[in-house]
Amino acid sequence: MVPSRRGRPARVPAVLALLAAVAATGVLAGCGDAGGLRSAGETPAAQSPARLWPDLTPASSPAYDIGEVDNEAVKGVTVPGGDIRRADPVAAVRAEIAAHPDDYEGARAPYRETADRMADCGAGAGSGRCPVLRPYYRDLTGDGRPELALGFRLLPEKMTAVRVYTAERNRLVRVMSYEDAVSAVELAGRTVIVRSPSEVAGYEYRLQWTWDPDQRAMLLTSDEMLPTDDGGERARRPSPSSSPAPSPSGSGPPPASAP
């Protein structure tokens, strides 16, 4: 037996014996079929896209700012020796909280519990009640060095913020930012895939960000609503995000490296 690509033994002798038996049967039966090509029927004619409202004046600028390009140095957080693994993920989240006090400070702030629970991050990200999740490291820019993929809970809204940072010399630079009611986050090649629940049963939003070397940022390259892999059994609720549309599909990526 020869191992197959799926890791299972391929029964080669049995397959060859079966083919020989089929060939012999065809000869003995005196079948008149010469094995030529057969028509599969008429092929539908190709149709080009139909343009609607050709006289409509083209827009010269976007109606809404959806943050297409995110490239911003994180103030107060350094990357010792340019090694992003030495940057402090908790410090990166603290810097973001400090930069947006209206979102995190005060009784009416939407993510006030996140700020309160940052006090539980003494043991680092991913520990205890700390809202900062375990960081992952993967080369998302293709320069041979890892980037930092970081998530933290936005409480009490039960949302998740997803961030990607890269190192520019000794600076920590955020190159992707998104938050929503997140079902799953995946890393595949140079892309980040975020899955979010949909209010439509059996469907989910799948969004994909891909590194763009010209913009030096992760750009939203796919936003789709697609059927879920579990047939709609996953619990769903409307997404509180103002995402422009739906997201990306793809099989699960290889595991990202953790610290």
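**Exercise 1. Decide whether tryptophan 53 is buried or exposed, and describe its backbone and its place in the chain.**

Solution. Tryptophan 53 has a relative accessible area of 64%, and because a residue counts as exposed over 50%, tryptophan 53 is exposed. The structure is a predicted model, and the values used in these exercises are to be read with that in mind. As the next step, look at the backbone: phi of tryptophan 53 is positive, at about 50°, although this residue is not a glycine. Most residues other than glycine have a negative phi. Finally, tryptophan 53 is placed in the loop between helix 1 (12-28) and strand 3.

**Exercise 2. Work out which strands pair with strand 5, and how many bridges join them.**

Solution. Begin with strand 4 (residues 136-138), which runs antiparallel to strand 5 and is joined to it by three bridges. Within this pairing, arginine 138 has glutamate 147 of strand 5 as its bridge partner. Then turn to strand 6 (residues 159-168), which pairs with strand 5 over seven bridges, again in the antiparallel sense. Here valine 162 of strand 6 is the residue that stands opposite glycine 151. As a last step, consider how far strand 5 is covered: seven of the eight residues of strand 5 (residues 147-154) are buried, so this strand is largely enclosed by the rest of the structure.

**Exercise 3. Examine the loop between strand 5 and strand 6, and say what the backbone does at proline 156 and at lysine 158.**

Solution. Proline 156 has its place in this loop, and the peptide bond that joins leucine 155 and proline 156 is cis, with omega at about 10°. Most peptide bonds are trans. Lysine 158 is also placed in the loop between strand 5 and strand 6, and its phi is positive, near 55°, in a residue other than glycine. The two strands form a hairpin with four residues between them. For the side of accessibility, lysine 158 has a relative accessible area of 56%, and it is therefore exposed.

**Exercise 4. Follow strand 7 and find which strands it pairs with, and where arginine 169 takes a positive phi.**

Solution. Strand 7 (residues 171-180) is joined to strand 6 by nine bridges, and the two run antiparallel; in this pairing, alanine 161 stands opposite glutamate 179 of strand 7. Strand 7 also pairs in the antiparallel sense with strand 3 (residues 72-78), over three bridges, and there the bridge partner of alanine 73 is valine 173 in strand 7. In the hairpin of strand 6 and strand 7, which has two residues between the strands, arginine 169 takes a positive phi near 60°. Strand 7 itself is mostly covered, with seven of its 10 residues buried.

**Exercise 5. Determine whether threonine 191 is buried or exposed, and list what it touches.**

Solution. Threonine 191 lies in strand 9 (residues 191-197). The cut-off for a buried residue is under 20% relative accessible area, and threonine 191, at 11% relative accessibility, therefore counts as buried. Next, consider the side chain of threonine 191, which reaches the backbone oxygen of alanine 188 at 2.5 Å. Once its neighbours within four places in sequence are left aside, threonine 191 is in contact with Leu140, Glu186, Gln208, Trp209, Thr210 and Met218.

Definitions and conventions: Residues are numbered from 1 along each chain as its sequence is written. This is a predicted model: local features need pLDDT of at least 70, side-chain atom pairs count only at pLDDT 80 or more; totals for chains, interfaces and linings use all residues. Side-chain values use heavy atoms; hydrogens and water are left out. Buried means under 20% relative accessible area, exposed over 50%, partly exposed in between (1.4 Å probe, protein chains only). Two strands pair if DSSP finds at least two bridges between them. A polar contact is a pair of N or O atoms within 3.5 Å; within protein, one must be able to donate a hydrogen and the other to accept it, and residues adjacent in sequence count only if both atoms are side-chain atoms. Contact means heavy atoms within 4.5 Å.
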